[in-house]
Amino acid sequence: MLLRDLVETSGVVAATRSRKAKVAAIAERLSQAQVDELPVVTAYLGGTILQRRTGVGWRGLSSLPDPAEEPSVTALEVHETLGRLAAMSGAGSQESRAAGVRDLFVRLTADEQGWLRGVMTGNVRQGALDALVQEAIAAASGVKLTVVRRAAMLAGGTVPIVVAAMTGGEEALAEIGLEVGRPVLPMLASTAPDVAAAMAKAGHRPGTPVAVDTKLDGIRIQAHRRGDEIAIATRSLDDITERLPEVVEVVRSLPGGDLVLDGEAIAMADDGRPRPFQETASRTATSAGVAVTPYFFDVLHADGRDLLDATGTERLEVLDTIVPEEHRVPRLVTDDPAAAEAFAQDALAHGHEGVVVKSLSIGYAAGRRGSGWVKVKPVHTLDLVVLAVEWGNGRREGWLSNIHLGARDPSGGDGGGFVMLGKTFKGMTDEMLAWQTERFTELAVEPETIRDSYVVPLRPEQVVEIAFDGLQRSTRYPGGLALRFARVVRYRDDKPVDEADTIETVRALARG
């Protein structure tokens, strides 16, 4: 399949607001792909490449050779070339990579050049999110969407299941289960303004208890043990086993056989309070630094038994028999809102973020965010996306300072976009200003003119956690809402943009 075919489909998807039309266009192209092309075609139709990193950034693509007159390059050729670029290392690799980029792009038409540059820099705005691609796979294969979604969650993504869906249908997808050693997408929590609301959202009623877990301010981890092999993955499924030897030892010491655990890794001070999040984050980025301790709150597999469909009560019973209390997240099971509130206040008093209220009657919904788990924090926070940044003045002159904040809008005109909610420069240390100046220079839409404008538009790729005191009506911003006293808590390099909070979440908080 020629790259041109995928560029054409991307254009069709970007040009329509109809979700049905987007899905139909993607499904038609999937149906035309050969089996060996399906993984690449699926990734490209979703606006991504299969290589996590290519070593080619925005600057390396800022100046392109004259385009070809006619399309001739296949999607597989592009994929193979990007693989070679990603594998280059050592002396002379930068020059070799630049030559490889020129050799590839000189063979592409103008439309193909623009599209591929956008994909490689994460700047394709076609409205084809992963959920739409899954719908298209279901349509093209004739398989129920629920089956496609479950298989993708268990396989860790959509690309790994497309061949099975298109060649073997529902029967082949049904064979994709939890495999010890292969991370699954983690279950996620929705939000509520207080403990009572969280309990109600999680299905609490008199005589129906819920679990109330302490919400630790650490790094989400998923631990797999298969025989003597231990693997530790992040929430984005990156392997960080070698960076966390102390976590590996804890998992290895647990009784029983094969095991999959969900939890947090966090750096703790001698007094039992959490150390600053930045220390945990830096520690999980390298094998040196402060020690981290694992705390587990769920179990997905134990001794040959998959527990994804087991109730929360069943999973916690298994967890408690395997993991000692010192490595379990503090938990209260209760149907008493007053007891739950007291537990939450105690968690806050010990320096933790808040609590997560969990239904005990549901299974583990890998990769989904719903009402089964509901997080409560005392200070309102949102994970937003930085849309633009302003040059500072006075003491901050020369630094990129005031950031423009946006919530995701999955129902936007192109099938996905962002709604601006305000600006802030509060909470930024000098170290943070220096970091974000470098980071946002890399994300500038037009890096060559970055000094020519007070406001620098950015590619929407950086998630930031923002604390705020409330929401107010606003005619200044298109969403009709603005953050009150917004301030930066931390930048979330561990969270992809598609997991940032939506405008509907913000509106729900305003209604609350």
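Visitor: Before the pairs, what is a salt bridge here?
Guide: A salt bridge is a side-chain nitrogen of Lys or Arg within 4 Å of a carboxyl oxygen of Asp or Glu. The model is predicted.

Visitor: What about the side chains of Glu353 and Lys377, what N to O distance do they have?
Guide: Their N to O distance is 3.6 Å, so the pair falls within 4 Å and forms a salt bridge.

Visitor: Where do Glu353 and Lys377 lie?
Guide: Glu353 is in the loop between α14 and β9, and Lys377 is in the loop between β10 (369-376) and β11 (380-391), so the salt bridge ties together parts 24 residues apart in sequence.

Visitor: Buried or exposed, those two?
Guide: Glu353 and Lys377 are both buried. For Glu353 the relative accessible area is 14%.

Visitor: Which residues are in the network with them?
Guide: Salt bridges with shared partners connect Lys215, Asp217, Glu353, Lys377, Asp383, Glu465, Arg490, Arg492, Asp494 and Lys495.

Visitor: How far apart are the closest N and O atoms of Glu353 and Lys215?
Guide: They are 2.7 Å apart, in a salt bridge. Lys215 sits in strand β2 (residues 210-215), 138 residues from Glu353. Lys215 counts as buried, at 17% relative accessibility.

Visitor: Changing topic: how many salt bridges does the structure hold?
Guide: There are 29. One of them pairs Arg19 with Glu135 at 2.7 Å, N to O. Arg19 belongs to helix α2 (residues 19-32) and Glu135 to helix α7 (residues 130-141), with the two positions 116 residues apart.

Visitor: Why is Arg19 called partly exposed?
Guide: Because its relative accessible area is 41%, in between the 20% and 50% cut-offs. Glu135 is at 19% and counts as buried.

Definitions and conventions:
Residues are numbered from 1 along each chain as its sequence is written. This is a predicted model: local features need pLDDT of at least 70, side-chain atom pairs count only at pLDDT 80 or more; totals for chains, interfaces and linings use all residues. Side-chain values use heavy atoms; hydrogens and water are left out. Helices (H or I, at least four residues) and strands (E, at least two) are DSSP runs, numbered from the N terminus. Buried means under 20% relative accessible area, exposed over 50%, partly exposed in between (1.4 Å probe, protein chains only).
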